[in-house]
Amino acid sequence: MDTRSKNRSGVGLSLVAIALAVISLVYCASFAVDFFVNGWERLGAAVDYFGRIVRGGTIQ
């Protein structure tokens, strides 16, 4: 029994979609790394801020 699809455009469109996904990942990689680094710094500042609040320290 043959179960292959007779629609050949589906394979082509899938390859185009995969290529666009790879291109967008490569294009956005620097933005994602920058966002992660800045987010990590902000997370550290927020943890320090709330730690000072919990300990009863002064907030500047």
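This passage walks through the fold, surface and side-chain contacts of one predicted model.

Let's start with the overall picture. The protein chain has one helix and zero strands. Helix 1 covers residues 9-55, in a chain of 60 residues. The helix isn't straight all the way, though: at cysteine 28 there is a bend of about 50°. Just after helix 1 comes glycine 56, whose phi is positive, at about 85°.

Part of this helix also carries a label from a database. In an unreviewed entry, UniProt lists residues 12-33 as a "transmembrane region". In the model, that span is 100% helix and 0% strand, and its end C-alpha atoms sit 31 Å apart.

Next up is the surface. Just 2% of the residues in the protein chain count as buried. The accessible surface adds up to about 5800 Å², and carbon and sulfur atoms account for 69% of that. One nonpolar patch on the surface is made by Val33, Phe36, Val37, Trp40, Leu43 and Val47, which together offer about 640 Å² of accessible area. Take valine 33 as an example: this residue is part of helix 1, and its relative accessible area is 53%, so it counts as exposed, the cut-off being over 50%. Valine 33 is also where the UniProt span of residues 12-33 stops. As for the spacing along such a patch, a general point helps: an α-helix has 3.6 residues a turn, so residues three or four places apart point the same way.

Which side chains meet in a salt bridge? A search of the whole structure turns up one such contact, and the partners are aspartate 48 and arginine 52, with an N to O distance of 3.2 Å. Both residues belong to helix 1 and are four residues apart, about one turn of the helix. Neither end of the bridge is buried: aspartate 48 is partly exposed at 40% relative accessible area, and arginine 52 is partly exposed too, at 24%.

The structure also holds one aromatic pair. Here the rings of tyrosine 49 and phenylalanine 50 have centres 5.5 Å apart, and their planes make an angle of 75°, so the pair is edge-to-face; the cut-off for that label is over 60 degrees. How open are the two partners to their surroundings, buried or exposed? Tyrosine 49 has 36% relative accessibility and counts as partly exposed, whereas phenylalanine 50, with a relative accessible area of 52%, is exposed.

How values were computed
Residues numbered from 1 in each chain as written. Predicted model: local features only at pLDDT ≥ 70, side-chain atom pairs only at ≥ 80, totals over all residues. Heavy atoms only, no water. Patch = residues over 30% accessible without salt bridge, like charges linked within 9 Å, V, L, I, M, F, W, Y side chains within 5 Å. Areas by Shrake-Rupley, 256 points an atom, 1.4 Å probe, with all protein chains shown as cover. Salt bridge = Lys/Arg side-chain N within 4 Å of Asp/Glu carboxyl O. Helix = DSSP H or I, 4+ residues; strand = E, 2+ residues; numbered from the N terminus. Buried < 20%, exposed > 50% of the residue type's maximum accessible area, 1.4 Å probe, protein only. UniProt positions renumbered as here; feature names shortened; annotations may be inferred. Phe/Tyr/Trp six-rings, centres within 6.5 Å; stacked < 30°, edge-to-face > 60°. Bend = angle between axes of the 7 residues up to and from the residue.
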